[in-house]
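Colleague: I am new to reading protein models. Could we go through this one together, one question at a time?

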Amino acid sequence: MPNAAKLACLEKGARTKVGATYPPLEAVTRPTVDTAAAAYYLNRKPQTLRCWAVYQDGAVNPIRISGRLAWKVADLRRVLGVPA
């Protein structure tokens, strides 16, 4: 895909859940988190993570569960250097 299309995808704004609060990544016990939570931990917009999923070129890659994106907590910890 041309770079212009990829940039357009990354520049699209997406709203995060208003008023959502997330526990520290060290305290998360679930194996996966949704896109909004992963975006919060990675300090990115959710749309950026969706683009990573489409192009498979991001810092972490999601798994798909019933057509929805799920981000492995272990991968997030690895990328961020957070102990397990």
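Modeller: Happy to! One term comes first: a residue is called buried when its relative accessible area is under 20%, exposed when that value is over 50%, and partly exposed in between. Please also keep in mind that this is a predicted model.

Colleague: Thanks! Which residues of H2 are buried?

Modeller: Helix H2 covers residues 35-42. Seven of its eight residues are buried, so H2 is largely enclosed by the rest of the structure. The buried ones are Thr35, Ala36, Ala37, Ala38, Ala39, Tyr41 and Leu42.

Colleague: Which elements do the buried residues of H2 pack against?

Modeller: Look at what surrounds this helix in the picture. The partners include strands as well as helices, and the buried residues of H2 pack against E1, H3, E3 and H4.

Colleague: Are H2 and H3 roughly parallel or roughly perpendicular to each other?

Modeller: H3 is the helix of residues 46-55, and its axis lies 8 Å from that of H2. The two pack at an angle of about 105 degrees. Angles from 65 to 115 degrees count as roughly perpendicular. H2 and H3 are therefore roughly perpendicular.

Colleague: How many nonpolar residues does the contact of H2 with H3 have?

Modeller: From H2 come Thr35, Ala36, Ala38, Ala39 and Leu42, and they meet Pro46, Leu49, Arg50 and Trp52 in H3. Sorted by class, this contact has one charged residue, one polar residue and, as the number you asked for, seven nonpolar ones.

Colleague: Let us zoom in on Thr35. Which residues is Thr35 in contact with, leaving aside its neighbours within four places in sequence?

Modeller: Thr35 lies in helix H2 and counts as buried, at 10% relative accessibility. One of its contacts is a residue 36 places away along the chain, with 6.8 Å separating the two C-alpha atoms. The contacts of Thr35 beyond its sequence neighbours are Pro46, Leu49, Arg50, Leu69 and Trp71.

Colleague: Now the strands. In what order do the three strands form the open sheet?

Modeller: Strand E3, residues 68-72, pairs with E1 over two bridges in the antiparallel sense. Strand E2, residues 63-65, also pairs with E3 in the antiparallel sense, over three bridges. E1 and E2 stand at the edges with a single partner strand each, so one side of each has no neighbour in the sheet. The order is E1-E3-E2.

Colleague: Which residue in E3 is the bridge partner of Val33?

Modeller: You can find this along the pairing of E1 with E3, which is antiparallel. Thr32 stands opposite Lys72 in E3. For Val33, the bridge partner in E3 is Trp71.

Colleague: At about what angle does H4 run to E3?

Modeller: H4 is the helix of residues 73-80, and it lies across E1 and E3. Relative to E3, helix H4 runs at about 50 degrees.

Colleague: Which residue in the turn of the E2 and E3 hairpin has a positive phi?

Modeller: Most residues other than glycine have a negative phi, so a positive one is worth a look. The hairpin has two residues between its strands, and Ile65 in E2 has Arg68 in E3 as its bridge partner. In the loop between E2 and E3 is a residue that counts as exposed, at 77% relative accessibility. With a phi of about 55 degrees, the residue in question is Ser66.

Colleague: Is Asn43 buried or exposed?

Modeller: Asn43 comes just after H2, in the loop between H2 and H3. Although Asn43 is not a glycine, it has a positive phi of about 60 degrees. Its relative accessible area is 64%, and over 50% the label is exposed.

Colleague: Last one: what type of aromatic pair do Tyr22 and Tyr40 form?

Modeller: This pair links distant parts of the chain, with Tyr22 in the loop between H1 and E1, Tyr40 in H2, and their positions 18 residues apart. Both are partly exposed, Tyr22 at 21% and Tyr40 at 49%. Their ring centres are 5.0 Å apart, with 35 degrees between the planes. Planes under 30 degrees apart count as stacked and over 60 as edge-to-face, and this pair is tilted.

Notes:
Residues are numbered from 1 along each chain as its sequence is written. This is a predicted model: local features need pLDDT of at least 70, side-chain atom pairs count only at pLDDT 80 or more; totals for chains, interfaces and linings use all residues. Side-chain values use heavy atoms; hydrogens and water are left out. Rings of Phe, Tyr and Trp (its six-membered ring) pair if their centres lie within 6.5 Å; planes under 30 degrees apart count as stacked, over 60 as edge-to-face and the rest as tilted. Helices (H or I, at least four residues) and strands (E, at least two) are DSSP runs, numbered from the N terminus. Buried means under 20% relative accessible area, exposed over 50%, partly exposed in between (1.4 Å probe, protein chains only). Contact means heavy atoms within 4.5 Å. Axes are lines fitted to C-alpha atoms, for helices over the stretch in contact, and angles run from 0 to 180 degrees between N-to-C directions. Angles under 35 degrees count as roughly parallel, over 145 as roughly antiparallel, 65 to 115 as roughly perpendicular and the rest as oblique. Ala, Val, Leu, Ile, Met, Phe, Trp, Tyr, Cys and Pro count as nonpolar, Asp, Glu, Lys and Arg as charged, and the others, Gly among them, as polar. Two strands pair if DSSP finds at least two bridges between them.
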